[in-house]
Every structure is written in C-alpha cells, then in structure tokens.
Amino acid sequence: MAKGFGSKAKSVIGKFYHGLKSLTGLIILLMVYSFTGAVIFVLVETPHQEELALAKEPKHKNLVQLLLNLTVSLNSTEFEKVRNEIITLINIFDAETFEKMHGKRWDFWKALFFCGTIYTAIGYGDIYPRTDAGKVFAILYAIFGIPLAFRVLAEIGKKLTTIIKFFYFGVKRSCAKKVQTADGETLKNERNDVALPTEHTEKEKNEIEIVWEDKDETLKKEIENSLPLAVPVIILFVYLVLGAFMYTRWEDWGYLDAFYFTFISVSTIGFGDITPAHTKYFIVTSIYVFVGLALVSVCINVFMEFYIVSIKVAAHRMNRVGSKIIKGCHCCSRRQSL
C-alpha cells in the first residue's frame, strides 16, 4: 500500500517537474512568482509609507486655509470653484512632494511592475523599498527571480527564432520558385533554393564552394539554415518603433521620449528618468518589455549561430588547405624516392 502510494507520488512529482521545465510551465511559474512578490512588497511597504505620509507636516495647509478665508466674500458658485481648484492643486503638490522624498506610492500594480524591473535587471529606481524587510526581500527575490526570468527569456527566444526562420525561409522559398518559373528554368531542390541567395560576396561564394566540393552535408545544412543577422535586428527595431508610437497614445510623451524609453528599457539600461505614469498600463508595459528582451535574446542567438558557423567554415577551409599541403608533401617524397 505504502509502496504503491510512493510510486504514484513519485510519478506525479515527475510529471509536475516535467511540466515546469516546458515553456508554458516556466511562464506560469514566472507569473506566480511576480504576483506573489507584488503582494509581499505591498504588505511590507504600505504600512511604512502610510507612517511617512502621516508624519509629514504640510506647512502649506495654513496658506490654503488663509486663501479659503479670503474667498468668503465670493458667491457660492465662485467660492466652490476656487475651493475645488485649490484642493486639486494641493493634492497634486502633496503627491509630487511625497514621491520626490520617498519614491512612488505603493499599490499592487506598481509593486508588480517593480517585481518585473527586479528580475529583468532593468531597475528604473522610481519605486524602491524603504523598509529593512523590503530590502532583504528584494535581495532574495532578485537571487531567485533573475535566473528564472533569464531561463524563460532563453526559451522564448528559441521559439521566436524558430518562428522567424519558418516565415523567412518560407517567403524566400516562395520568391525563389516564382523567379525560376518566370525565367523558365527547372525547379531545383527546395533546400538548394533556400540555401543560395541571389547575391553573395566573394568570401561567401568561396565558403559555399568549399562546402559543396567536399560534400560536407552537415555544414551545408547549417549554412542553409542560418538566419541573416539583419532580420532579427530589423524586427527588433520595428518593435521599438511601434512601442514608442503606443506610448505616445498612453503617456504625455513626445515620440522621441517614447522611443528613448523603449530603447532604454529593452536594452536593460533603465535610467529611470522617464517612466510610465498610468498604473493601469503597468502590466502591459511589463509584457512589452519582456517580449522586447526576448527579441534581444533572438538577436543574440542569431549572432551566436553566425559566429559558430563562421568558425566551422574557417576550420573546414583550414583542414582542406592542410590536406592539400600533406598531399603535396607525399607527392614530393614519392618523386624523391624515385
């Protein structure tokens, strides 16, 4: 009985672990990690924030009362209008003064956004913990959150790389077939159509000729499946441009400021001089930045593939030259022996 229960428990744990290792499982785990962190930060920081707000003596309130007393002679409509305007201005002044002195006020969405800036290593600095407990928790949260987030970004980057390659080579194959049909040529093998661009530099021609002459099928396939470096870079640039346009609609920003924010965020520089002001869009901002980081991961993957293939081609070429030298030495030794 106990043995059967133990085997079932082991099987369930194994399936659970296998599910967590998948991309879907990692994303769910990161979401749970983010929401849990946001709740804890709100619980830890909000009481201290309220204490600071109560401790702050607004000396300008006496001026407000004086202005209200001066408006007594006005009729009721004018008095209410002036009173409402003064109260609005004072509330804005209070909020701005508090944020300058103690950082932005904590709520769930800001805490969730703050969690995202921790494990993506952006760290804008406009929201930060003030309590000792909050600082300790932020350290622990970063220790476990950064590796988790980078693992998720790596997996998403791999998936995006596969998707981009699928569409890129699909379009290229289709264009190659149309060109060949228009020229009246016989359609060649599908992979050969994808492998050979219409234009090559002399270096690329030499490298491809070496691979074909030596019939190295493995290296040839790697060259065929290599994505041009410009493709992910262009996609990332378009993503930043569209994101900047989106922020001009949401925030009181010009286009340059919006593009500056998207670039600073996706590059993980995170100066913090420009940050979103609308709390309701924080979750969208977090998703946008995270997808942008995944596209950066795609660029890194493509760069790595390019350099790996370049090294393999260079090594292949050196081996070919070496084999010719050895062959020439053998021929010379045979002639001398004769």
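## Lys165 and its surroundings

Let's start at one residue: Lys165 is in contact with Gly170, Asn225, Leu227 and Glu305, once residues up to four places away in sequence are set aside. Keep in mind as you look around that this is a predicted model. Lys165 sits in helix 6, and with a relative accessibility of 17% it counts as buried, because the cut-off for buried is under 20%.

One of those partners, Leu227, turns up again in a small nonpolar core that we will come to below.

## The overall fold

Stepping back, the protein chain is built from 12 helices and has zero strands. Followed along the sequence, the pattern is α-α-α-α-α-α-α-α-α-α-α-α.

How much of the chain counts as buried? Of its 338 residues, 32% do. The accessible surface of the protein chain is about 21800 Å², and carbon and sulfur atoms account for 66% of that. Among contacts with a separation of 6 or more, 72% are between residues 24 or more positions apart.

## The nonpolar cores

In soluble globular proteins, nonpolar side chains tend to be buried together. In this model the largest nonpolar core has 42 residues, and the members that touch the most others are Leu30, Phe41, Ile118, Val152 and Phe290. At least two residues of this core come from each of helix 2, helix 5, helix 6, helix 10 (230-250), helix 11 (255-266) and helix 12. Helix 6 supplies the largest share, nine residues.

A second, separate core has five residues, including Ile164, Leu227, Val231 and Val298. Leu227 is the residue you have already met as a contact of Lys165.

Phe290 is a good place to zoom in on the largest core. Not counting residues up to four places away in sequence, Phe290 touches Leu30, Tyr119, Thr120, Ala149, Val152, Leu153 and Ile156. Two of these, Leu30 and Val152, are listed with Phe290 among the core members that touch the most others.

## The second largest pocket

Rolling a probe the size of a water molecule over the atoms shows where empty space is left. The second largest pocket holds about 470 Å³ of space. Its lining is made of 23 residues, and those nearest the centre are Leu30, Tyr119, Ser286, Ile287 and Phe290. Helix 2 (23-55), helix 5 (108-119), helix 6 (132-183) and helix 12 (282-337) are the elements that give two or more residues to this lining.

Which helix gives the most to the lining of this pocket? Helix 12 does, with seven residues. In character, the lining has 18 nonpolar residues, five polar ones and no charged ones. Leu30 and Phe290 link this site to the previous section: both lie among the residues nearest the pocket centre, and both are named among the best-connected members of the largest core, in that they touch the most other members.

## Three more buried residues

Gly37 belongs to helix 2 and is buried, with a relative accessible area of 1%. Beyond residues up to four places away in sequence, Gly37 touches Cys115, Phe137 and Tyr141. Gly37 and Ala138 are 101 residues apart in sequence, yet their C-alpha atoms are 8.9 Å apart in space.

Thr262, in helix 11, counts as buried at 0% relative accessibility. Its contacts, leaving aside neighbours within four places in sequence, are Leu240, Gly243, Ala244, Tyr247 and Tyr288. The C-alpha atoms of Thr262 and Tyr239 are separated by 9.2 Å, with their positions 23 residues apart along the chain. Thr117, in helix 5, is also buried, with a relative accessible area of 9%. With neighbours within four places left out, Thr117 is in contact with Ile122, Gly123 and Tyr124.

## Two loop residues with positive phi

Most residues other than glycine have a negative phi, and most peptide bonds are trans. Where, then, does Ala121 lie? Ala121 is in the loop between helix 5 and helix 6, and its phi is near 65°, a positive value in a residue other than glycine. At 43% relative accessibility, Ala121 counts as partly exposed.

Thr268 is found in the loop between helix 11 and helix 12. Its phi is near 60°, again positive in a residue other than glycine. Thr268 counts as partly exposed too, at 32% relative accessibility.

How values were computed
Residues numbered from 1 in each chain as written. Predicted model: local features only at pLDDT ≥ 70, side-chain atom pairs only at ≥ 80, totals over all residues. Heavy atoms only, no water. 1 Å grid on protein atoms, 1.4 Å probe; cavity = no way out; pocket = protein on both sides within 12 Å on 5 of 7 lines; lining within 4 Å. Points joined across faces, edges and corners; volume = space filled by probe spheres on them. Helix = DSSP H or I, 4+ residues; strand = E, 2+ residues; numbered from the N terminus. Nonpolar A, V, L, I, M, F, W, Y, C, P; charged D, E, K, R; others polar. Buried < 20%, exposed > 50% of the residue type's maximum accessible area, 1.4 Å probe, protein only. Contact = heavy atoms within 4.5 Å. Core = buried A, V, L, I, M, F, W, Y, C linked by side-chain atoms within 4.5 Å. Areas by Shrake-Rupley, 256 points an atom, 1.4 Å probe, with all protein chains shown as cover.
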